[in-house]
Amino acid sequence: MAVAADELMLLERVFLRLGSAETDEQLQNVLCKFLPPVLLKLSSQQEGVRKKVMELLIHVNRRIKTRPLVGLPVEALLTQYQDPSATSFVTNFTIIYLKSGFPRLPIEKQAELVPTVLNALENKPQSHCDGLLLLIVPLLGKVKVPTEPEKLANLFGLKEKPKIVKNLLDIMLDMILLPYSALSPQNPENEEQSNAVSLPVPSCMSETSYKRVTTNNLLKPEDLEEIKLGIVKFLAHGVFSNEDILIHLVVAASDTRFAVANLADTELKKVVGSIDWSASHVSVPLYTLFLGSQGKSVKPDQKKSPANTRIRLKLLTHLCKVTGGGFAFPQCIQIVFDSLYGVNTNSRLKTLALNFTANIIRYANEDPLSKVAPVLLSGLQKLIREGEEVHHGQAYTIIGMLGQRFPKIVYHDVGLLEMFFTNMESANPDLRLQIREGLLNLILAYKYDIYPTECDQDGRLNILFVLIKCKIYSEEPMARFAAVRTLATIFPPNHVPSKFLLLTATGDNKDEVSAEAFKSLYGTTRKNDVDMSKEKMKDKIIMPSFEEITSYITSEAEINMKNTSKCFSLGNRVLPFAVNVYAEILIYLRLCLIRDLDIPLTRDILKHPCEYSPKISHLLLSKIADTTMKKDKNPLMIRFSAPRVSRNACTQFEFLSNTPEPLCCMVELIGCLPILYQNISKDISWIKDQLSSTKEDVREYSAILYAAILTHSVTDNEFEVAIKDLLTQANSKNLESQHGALLAVGHCLENKISVRKAAGQKVDNWSLVKVSVEVLSPFFKHQNPLLMGAACTSIGLLGRIHGLPLDDGKPQGNGSPDPKRVATDITKIDIVTQLLDVMNNVKFSAKVRERAAKSLGLLCVGERFPHTRQVLQGFLNTAKEVIKTE
């Protein structure tokens with residue numbers, strides 16, 4: 001009892017001292033001296049003492065409420081608050097006066113006490129922690145943070161206090177999330193009544209977190225802005241790890257005040273580069289903030305609402321950096337659909353959501369993504385059907401990526417492929433490009449070798465082929481290009497119908513389409529680079545069977561001829577294909593036919609006769625023998641052996657003569673198959689007409705073909721008449737006719753001499769050859785190099801097969817001229833001299849000089865040439881001159 005009386009007496013004295021304090025300074029001195037010990041008396045066992053303490057505290061509260069300048073002993077109260085022996089009753093009252101006295105301190109002193117306040121939070125109730133943290137959060141921007149890494153790592157001892165760090169980070173995030181229009185949800189005068197009021201909880205906050213930062217914490221918008229700026233500055237010092245502060249900076253960067261958003265955005269740029277975006281602990285908080293709290297285990301008052309559109313825009317911008325394990329399912333899919341079809345969205349957010357979807361498809365782990373891939377596909381198709389056109393392009397591109405990664409979901413969906421093609425034809429130019437990009441990715445999912453057992457299930461290949469065949473004739477060039485790429489991708493390499501369509505596409509009027517078709521057939525877009533004999537090209541390019549593709553092309557040609565809309569008119573003739581397509585078909589068929597031979601397999605048809613002619617002839621003869629034994633009615637060899645069809649072929653070749661390739665094929669075919677000579681002899685007049693073609697290549701090949709047919713299809717008298725006609729034509733005034741005639745004379749006589757020698761007939765005194773040489777030789781001095789070259793070529797052909805029927809003559813300086821020789825007669829030495837003059841004349845083109853040199857060499861082949869030494873000496877002299885010039 002005595003102790004209680006003493007305590008009551010002391011309290012009365014304190015009461016008296018408080019009552020006698022007239023000024024703020026006196027009152028402050030009394031409180032600083034007696035308030036902490038008075039609060040300790042609340043732990044007294046005597047009820048009377050506790051009542052007296054309460055009376056005293058009520059008096060203190062009344063006095064300091066109206067006197068904001070009166071300070072309280074904050075440091076002493078903090079020390080007392082941390083006392084582990086203090087009762088909860090004492091602690092609860094101590095924190096009341098801490099929260100009341102702390103704001104009364106000067107700002108510098110408050111900032112100085114921040115570490116002490118943080119240390120005082122250890123093992124304290126959540127409500128106390130929240131209250132004290134709210135005291136120091138406005139001061140974070142004014143706290144002096146060391147720049148040394150060692151001191152920074154141990155700042156405030158936070159490294160050893162993860163729970164306090166979490167509480168601090170949470171309350172800083174709530175402060176950043178707090179909108180400037182936020183009002184206090186509670187009225188201090190009537191707390192019970194206000195608890196029944198429905199609160200307008202801001203985005204990303206729960207009712208509990210909203211109350212925590214606003215209860216008894218009335219703020220002006222300017223004050224809240226300063227607090228947010230302070231928080232961002234504090235976070236920028238590196239006190240916490242980049243992963244811990246990422247979400248704070250992202251939210252702050254979406255703030256409505258420019259100062260806050262700009263500062264946060266600047267700091268965010270420094271942080272994002274060092275973050276591991278494949279870590280789930282980085283991305284999951286962003287997902288949660290975006291979607292809000294999920295799950296039935298979350299209490300209603302702690303359930304956070306989803307982010308608003310402004311915050312979502314900033315969140316999704318950085319979620320697009322997530323890779324690998326950072327994608328959490330199903331949250332990332334929920335974000336996609338909520339952004340595309342939810343309430344809180346706009347056009348920009350949908351664009352970001354589609355970017356995020358593309359990243360999911362690129363970088364997410366396959367197992368979880370494969371389960372939701374069909375859902376994503378249906379959502380994207382819905383966006384194309386119902387969404388704004390501005391997002392359609394991205395949707396097409398993403399569908400292509402999705403199909404490429406998970407072919408199973410689209411492999412049998414021909415309708416999806418048709419939708420791409422159809423929409424491409426009607427889309428605007430920008431959208432058309434994006435559809436094409438998506439389609440070129442999508443077709444990889446339809447490739448024949450992805451699921452070989454299902455490749456042609458239920459006629460799948462035929463259905464796809466019908467679709468592509470329709471689109472390859474589309475009016476839209478981009479659709480035709482995509483159709484060509486599709487043909488080359490999804491069908492097997494030996495699929496004949498697709499190869500035929502690619503051949504037709506080589507004649508497209510758009511270079512992009514024709515080049516793609518050419519590349520699909522030959523593996524390169526450069527015609528000079530085509531070489532199917534190369535080992536790497538053989539493995540890369542697989543060609544179909546010659547018999548199969550010939551049969552298919554023939555049937556398609558017959559179908560086209562019956563349908564006038566599919567035919568091509570040229571003059572008064574009708575062709576089943578365009579001229580350039582027809583030429584390409586012939587070249588491709590030739591390569592299919594000879595692809596197994598050990599000969600050059602290029603687009604350049606061999607110039608026959610050559611060292612490879614016997615191999616090709618043997619192959620063609622074996623083909624005829626095989627098809628005859630099998631009684632096959634369809635192969636091309638049998639068709640060419642029929643007079644009617646061969647005449648039709650020649651008629652079609654007539655209109656293809658503006659390009660040399662078809663004529664080359666005809667030379668090769670007829671030249672290697674003597675049985676065809678008689679069948680085509682009726683069309684020899686047409687071939688002779690080609691000797692006057694405007695193209696040099698055509699005239700050269702026509703001369704070879706004309707010689708082969710003429711030699712084997714007419715009598716000797718008819719042959720002589722034909723040669724004399726050519727000699728007459730050689731002296732005409734038409735340059736092309738002259739050139740063709742000069743070449744034809746040489747080839748015809750060469751072939752005829754060869755036939756005569758094989759039959760044992762004499763050719764030594766054949767006057768026709770001598771007359772021809774006499775007509776040819778003056779052209780060695782002709783002003784036109786084209787005619788000069790043709791004359792050289794023909795003389796060389798004659799000299800190669802047999803000696804020229806001329807006198808030998810004598811070289812200059814080797815005695816007097818032969819008195820018996822008529823001055824006008826030309827001799828072999830004259831031929832040599834004139835050819836040497838052509839070869840050594842630098843004014844002539846290299847082509848003409850080369851032909852002269854070749855002819856000189858060939859003259860020494862057909863006989864024991866008397867002037868071989870002069871020819872060799874001429875070659876050596878020319879070689880020396882070339883070396884000196886170089």
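Buried here means under 20% relative accessible area, exposed over 50%, and partly exposed in between, with a 1.4 Å probe and protein chains only. The structure is a predicted model, in which local features need pLDDT of at least 70 and side-chain atom pairs count only at pLDDT 80 or more, while totals for chains, interfaces and linings use all residues. Residues are numbered from 1 along each chain as its sequence is written, and side-chain values use heavy atoms, with hydrogens and water left out.

Cysteines make a handy starting point. C672 counts as buried because its relative accessibility is 6%. With a disulfide taken as a pair of cysteine sulfur atoms within 2.5 Å, a search of the whole structure returns 0 of them. C672 is accordingly in no disulfide, and the nearest cysteine sulfur, that of C610, lies 8.1 Å away. C455 is buried too, at a relative accessible area of 9%.

Helix α24 covers residues 460-471 (helices are DSSP runs of H or I, at least four residues, numbered from the N terminus). Its buried residues are R460, L461, L464, F465, L467, I468 and K471. Seen down the axis of α24, they fall within an arc of 165° (taken from the directions from the helix axis to the C-beta atoms), so they line one face of the helix. The face turned away from this buried side carries the exposed residues N462, V466 and C470. Contact being heavy atoms within 4.5 Å, the buried residues of α24 pack against α22, α25, α26 and α29.

Within helix α25 (residues 477-490) sits R480, which counts as buried because its relative accessibility is 8%. Beyond neighbours within four places in sequence, R480 has contacts including K471, Y473, D508 and V513.

Technical notes
Helix = DSSP H or I, 4+ residues; strand = E, 2+ residues; numbered from the N terminus.
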